[in-house]
Amino acid sequence: MNQVLAVVANAAGQLSSGYGIGYLGPHGKEVKADLGMSDTDITWAVSSLLIGGIPGCLAAGWIADTIGRRKSLFVCYIISTLGWVLVSMAATVPMLVAGRVMHGLGEAMVVVISNMYLGEMVGQKYKGAILCSLSVACWAGTTLVYTLG
């Protein structure tokens, strides 16, 4: 039962990651109009997720080794959630970009650490399917944001 709960929780994190990756696709024009963004501003908003993601990937292994996989995931989810809060409350372009950077940082760490955590926790027989489900959940999140528009 603990393994099932761990898989569901980590898949939810991956779903959020995919949603964040695709968020500005269907919502970009609306966000651009609401914040009075230039083309350069929207480019920064889209790419800022990756700006946070690079250090997130690089820091993830160290954080997981330092405080443990499970605690690291909680930290990552908090960072990602705070990023989403900034994005959803953004009244200015810098606030939107900061939220996307923070979300990218948290989600990149989630991607790395959830694979480590589940790879170590799940039995050999199901490891391939479980780790594959994380990628499926990420792509499902991107699909969901485009479907819901």
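In this predicted model, His-27 touches Val-145 and Gly-149, leaving aside residues up to four places away in sequence. His-27 has its place in helix α2. The relative accessibility of His-27 is 15%. Buried means under 20%, so His-27 counts as buried.

Aromatic rings were examined next. A pair of such rings is described by two values, the distance of the centres and the angle of the planes. Two aromatic pairs were counted in the structure. In one of them, the ring centres of Tyr-23 and Trp-84 lie 5.5 Å apart. The planes of these two rings stand at 85°. An angle over 60 degrees counts as edge-to-face, so the pair of Tyr-23 and Trp-84 is edge-to-face. This pair links distant parts of the chain. Tyr-23 sits in the loop between α1 (2-22) and α2 (24-35). Trp-84 belongs to helix α4, which covers residues 69-89. The two residues are 61 residues apart. Tyr-23 is buried, and its relative accessible area is 17%. Tyr-23 and Trp-84 also join Tyr-19 in one aromatic cluster.

The cysteines were then searched for bonds. The search covered the whole structure and found zero disulfides. Distances between sulfur atoms show why for two cysteines, Cys-76 and Cys-138. A disulfide needs two cysteine sulfur atoms within 2.5 Å. For Cys-76, the closest cysteine sulfur is that of Cys-57, at 10 Å. That is too far for a bond. For Cys-138, the closest cysteine sulfur is also in Cys-57, at 11 Å. This distance, too, is too far for a bond. Cys-76 has a relative accessible area of 0% and is buried. Cys-138 counts as buried as well, with 14% relative accessibility.

The surface carries a nonpolar patch. Leu-15, Leu-144 and Leu-148 form this patch. Together, these three residues have about 260 Å² of accessible area. Leu-148 has its place in helix α6, which covers residues 127-148. The relative accessible area of Leu-148 is 60%. Exposed means over 50%, so Leu-148 is exposed.

Technical notes: Residues are numbered from 1 along each chain as its sequence is written. This is a predicted model: local features need pLDDT of at least 70, side-chain atom pairs count only at pLDDT 80 or more; totals for chains, interfaces and linings use all residues. Side-chain values use heavy atoms; hydrogens and water are left out. Rings of Phe, Tyr and Trp (its six-membered ring) pair if their centres lie within 6.5 Å; planes under 30 degrees apart count as stacked, over 60 as edge-to-face and the rest as tilted. Helices (H or I, at least four residues) and strands (E, at least two) are DSSP runs, numbered from the N terminus. Buried means under 20% relative accessible area, exposed over 50%, partly exposed in between (1.4 Å probe, protein chains only). Contact means heavy atoms within 4.5 Å. Patches are made of residues with over 30% relative accessible area and no salt bridge: like charges are joined within 9 Å, nonpolar side chains (Val, Leu, Ile, Met, Phe, Trp, Tyr) within 5 Å. Accessible areas come from the Shrake-Rupley method with a 1.4 Å probe; for residues, only the protein chains shown count as cover. A salt bridge is a side-chain nitrogen of Lys or Arg within 4 Å of a carboxyl oxygen of Asp or Glu.
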